[in-house]
Amino acid sequence: MSKWSGRCAACKYLRRKCPQDCVLAPYFPSNDPHRFSAVHKIFGASNIAKMLQQLPEHVRMEAADCMAIEAYCRIEDPVYGCVSFIDQLQQQIIEAQSLTNQINAQIAFYNAHNNQLTIDPFSSSFDQTD
Amino acid sequence: MGSGSSPCASCKLLRRRCAKDCIFAPYFPSDDPHKFAIVHRVFGASNVSKMLQELPVHQRADAVSSLVYEANARVRDPVYGCVGAISYLQSQVSQLQMQLAVAQAEILCIQMQQEPMMPTPQIIDPDDHHDHEHDHHHHHQKASSSSFIDLPQYLNFASSSNNVIHDYSLKRESIFGVHDMVS
């Protein structure tokens, strides 16, 4: 048994004993069975374990969280998964950049226009009084 | 399609006969072994096969492209993978929208200064025959109204309530070729 009471979600799902040094137990607690079933469906249990084991321990929780997010996204959208959000965000960036450029061009136009209209009262075309 | 003469990249890697109806063959040609290798490494061949089987044929190519993209992201960044890229792009969007708001405010100021008929808070001379209902030709351009796309809750890093990627976007300069998008 792992030090957490009962089996972890991974071992429950895989119907096996949960050893004390279960690699997956810290990241797939028994109170969230959907998290493991999602990552298992997309990545597979052995891949998850392998990927986590290759990482230093202090980042494994974040890695497991990210894999869970990717798995949820892929289940939600089996064609594009979380990649669809990347696409949308890149589009937003292009649009915001384009809009900003347009507005900056307008600002530049206005500024240039104003500069042309400004008449210098001290220019040679005016009589200057000392 | 799989043929006797040239097994697809998947069957080569898996060391098996490439059947005529091999599900991988259309998407993992033998001249690009790396593509299948990376997908297999992250997702596993049987998972990929299952995922493709659950999709109509016309969507499988796109699914493979996105799986390859995701797998590449995970290999380059074994902790955050694609999620890191999303967080980074969100922060870029946020910055750009701030810049856009500043530019919009600036042009509004300029336009207000330009507009001679624009009502101002000052007291207007009663002898002045300005028409206060005159049309204003605002060239106001609307930014997109939403700050972020409609992300599911678990991807909404903008709220920064998610501890996963808290400072990630500030630390990473570039992820990978984010212009390398799914076709």
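# Rings and cores in a two-chain model

Student: Which residue of chain B lies over the face of Phe28(B)?

Tutor: This is a predicted model, where local features need pLDDT of at least 70, side-chain atom pairs count only at pLDDT 80 or more, and totals for chains, interfaces and linings use all residues. Residues are numbered from 1 along each chain as written, chains are lettered from A and ligands numbered from 1 in the order written, and side-chain values use heavy atoms, leaving out hydrogens and water. A charge sits over a ring if NZ of Lys or CZ of Arg is within 6 Å of the ring centre and within 35 degrees of the ring normal. Here the distance from the ring centre of Phe28(B) is 5.6 Å, and the residue is Lys35(B).

Student: How many aromatic pairs does the structure hold?

Tutor: Rings of Phe, Tyr and Trp (its six-membered ring) pair if their centres lie within 6.5 Å; planes under 30 degrees apart are stacked, over 60 edge-to-face, and the rest tilted. Over all chains, the number of aromatic pairs is 7.

Student: What kind of pair do Tyr13(A) and Phe36(A) form?

Tutor: Tyr13(A) sits in helix α1 (residues 9-13) and Phe36(A) in helix α2 (residues 33-42) of chain A, 23 residues apart; helices are DSSP runs (H or I, at least four residues), numbered from the N terminus. Their ring centres are 5.6 Å apart with 70° between the planes, so by the over-60 cut-off the pair is edge-to-face.

Student: Is Phe36(A) buried or exposed?

Tutor: Buried means under 20% relative accessible area, exposed over 50%, and partly exposed in between (1.4 Å probe, protein chains only). Tyr13(A) has 41%, so that residue is partly exposed. Phe36(A) has 0%, so Phe36(A) counts as buried.

Student: Why does the pair of Phe43(A) and Phe43(B) join two chains?

Tutor: The two rings are stacked, 5.3 Å centre to centre with 15° between the planes. Phe43(A) is buried at 1%, and Phe43(B) is buried at 0%. The pair joins two chains because each ring lies in a loop between α2 and α3, one in chain A and the other in chain B.

Student: Which helix gives the largest share of the largest nonpolar core?

Tutor: A nonpolar core is a set of buried Ala, Val, Leu, Ile, Met, Phe, Trp, Tyr and Cys residues joined through side-chain atoms within 4.5 Å. The largest one has 75 residues, and Phe43(A) and Phe43(B) are among those touching the most other members. The largest share, 9 residues, comes from chain A's helix α4 (residues 57-76).
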